[in-house]
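Welcome to this tour! Please open your viewer, switch to a cartoon display, and keep the selection box handy.

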Amino acid sequence: MQTITLTQPDDWHIHLRDGDYLATTVPDVARYFARAIVMPNLTPPVTTAAQALKYRDEILAHRPKGSAFEPLMTLYLTDQTTADDIQAAALSPAIAACKLYPAGATTNSEAGIASITNLYPIFAAMEQHQLPLLLHGEVTDPSTDIFDRERLFIDQYLSQLVREFPELKIVFEHITTREAVQFVRDAGPLIGATITAHHLLYDRTAMFQGGLKPILYCLPVLKRDVHRAALLEAATSANPKFFIGTDSAPHPRHQKENACGCAAGCYTAACAIELYAEAFSQAGQIEKLEGFASHFGPDFYGLPRNAHTITLEASPWTLPETLPFGADALMPLRGGELIQWRLRTETQQSA
Ligand code: DOR
Ligand code: ZN
């Protein structure tokens, strides 16, 4: 049987939610990943260091026995964020970055940023304190075609932002277009990007195949296949600017399968690394998975690579169609379907 052993990976972009939902999301992420950058878009959002540390304690309370999983916390930038908030975050080793949601761009983004240029003093403070900026990069004008929103964000905001703050580390999160790939490739070494498994495996046509598939609806929305191909090429290119970030984003079933509006987000945390292995092996590039999943993220964030390893085997299995999710049910991506790779459950100490 074909197997592959990797340095244990980290997830550089995940939504764990809070309350009872943590009983599902934390064991799932901790099964694969040593660390994860935890998104702050709770209701209400996590906007201060004190709130982030409290949220971290809630997450740690759900960490499985024996797991060393470490949540890396983020602050949600708002129009009210101050330079003092940034300094307090920078002084806390448990806080790794700040997340910018343009207001109205996605789930729980109502408290996000109305004017990016008004936030320039905050970016200056982040640059000074070496706190990375994580970007949901989409324009929010409701009249802009949804498939163009990421591409237009580059020209309207990101190019200028990168020019104005040359020392600011920026992660262009969950990129979905060839234009974003090209921008990140051409930018300096402080500009990186995360890529999800679902954007590597699916294009927008898949969302409509055999009827509308709420399970595949996420933001930024899936694009044409030529964009998926560009993402796959970037992820398997061994360019350290591109690294793993699942953007696993659970919603209760009734909010996904909702006739009045499907919530955006794909839950991939139950089979995360296996989905990436599938994408990389379909491209004939499985040997490139370790750099993307386990090396380039910690290198970008200036953190040590993990000491343990995990092993994946080419041994198909079926993920349950639904998972418990507090008092609700959760429909994981690929639920009820065959998954080609499987994690061997024990982690191993590196030689
Ligand atoms: O699909 C998404 N879901 N995209 C986001 O940006 C947010 C996320 C969520 O929190 O559900
Ligand atoms: Zn996200």
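**Stop 1: two neighbouring strands**

Start by selecting residues 133–135, strand β6, and then residues 170–172, strand β7. These two strands pair in the parallel sense, over three bridges. Before you go further, keep in mind that you are looking at a predicted model. Now show L133 as sticks and look across to β7: the residue standing opposite L133 is I170.

**Stop 2: the whole sheet**

Zoom out from that pair. How many strands does the open sheet have, and in what order? There are eight, running β2-β3-β4-β5-β6-β7-β8-β9, with parallel pairing. Next, colour 11–14 (β2) and 242–244 (β9). These two strands stand at the edges and have a single partner strand each, so one side of each is left without a neighbour in the sheet. From one strand to the next, the twist averages 30°.

Add residues 289–301 to your selection to bring up helix α11, which packs on the sheet. Among the strands that α11 touches are β3 (35–38), β5 (95–100) and β8 (191–195). The direction of α11 makes about 115° with that of β9.

**Stop 3: a zinc ion**

Select ligand 2, the zinc ion. Which residues coordinate the zinc ion? Show H13, H15 and D247 as sticks: both histidines use their NE2 atoms and the aspartate uses OD, at 2.0 to 2.1 Å. Along the chain, the donors follow the spacing H-x1-H-x231-D. Both H13 and H15 are buried.

**Stop 4: charged partners**

Side chains of opposite charge can pair when their charged atoms come close. A search of the whole structure finds 10 salt bridges, and here are some to visit.

- Select R35 and D10. Their closest N and O atoms are 2.9 Å apart. This pair links distant parts of the chain: R35 is in strand β3, while D10 is in the loop between β1 (3–7) and β2, 25 residues apart. Are these two residues buried or exposed? Both R35 and D10 are buried.
- Select E257 and R253. Here the salt bridge has its closest N and O atoms 2.8 Å apart. E257 has a relative accessibility of 43%, so E257 counts as partly exposed. R253 also counts as partly exposed, at 34%.
- Select E337 and R334. In this salt bridge the closest N and O atoms are 3.5 Å apart. E337 counts as partly exposed because its relative accessibility is 41%, while R334 is buried, with a relative accessible area of 9%. Add E278 to the selection and you have a network of salt bridges linking E278, R334 and E337.

**Stop 5: a buried threonine**

Move to T176, in the loop between β7 and α6 (178–186). T176 has a relative accessible area of 2%, so T176 is buried. What does the side chain of T176 make a polar contact with? Show K223 and you will find the partner: the two side chains come to 2.9 Å. Leaving aside residues up to four places away in sequence, T176 also touches others, including E150, H199, P220 and H227.

Stay in this loop and select H174. H174 is not a glycine, yet has a positive phi of about 35°. H174 counts as buried, at 2% relative accessibility.

**Stop 6: an enclosed helix**

Select residues 22–32, helix α1. Eight of its 11 residues are buried, so α1 is largely enclosed by the rest of the structure. Among the buried ones are L22, V26, V29 and Y32.

**Stop 7: backbone details**

Finish with the backbone shown as sticks. Which way is the peptide bond from T43 to P44 arranged, cis or trans? It is cis, with omega near -5°. P44 lies in the loop between β3 and α2 (49–60).

Now look at L219 and P220, which are also joined by a cis peptide bond, with omega about -5°. P220 sits in the loop between α7 (197–201) and α8 (225–235), and is one of the residues that T176 touches.

For your last selection, choose A238, in the loop between α8 and β9. Phi of A238 is near 65°, a positive value in a residue other than glycine. At 40% relative accessibility, A238 counts as partly exposed.

Technical notes. Residues numbered from 1 in each chain as written. Chains lettered and ligands numbered in written order. Predicted model: local features only at pLDDT ≥ 70, side-chain atom pairs only at ≥ 80, totals over all residues. Heavy atoms only, no water. Pairing = 2+ DSSP bridges. Helix = DSSP H or I, 4+ residues; strand = E, 2+ residues; numbered from the N terminus. Axes fitted to C-alpha atoms, helices over the stretch in contact; angles between N-to-C directions. Contact = heavy atoms within 4.5 Å. Salt bridge = Lys/Arg side-chain N within 4 Å of Asp/Glu carboxyl O. Buried < 20%, exposed > 50% of the residue type's maximum accessible area, 1.4 Å probe, protein only. Donors = N, O, S within 2.8 Å, 3.2 Å for Na, K, Ca; no water. Polar contact = N/O pair within 3.5 Å; in protein donor to acceptor, adjacent residues only side chain to side chain.
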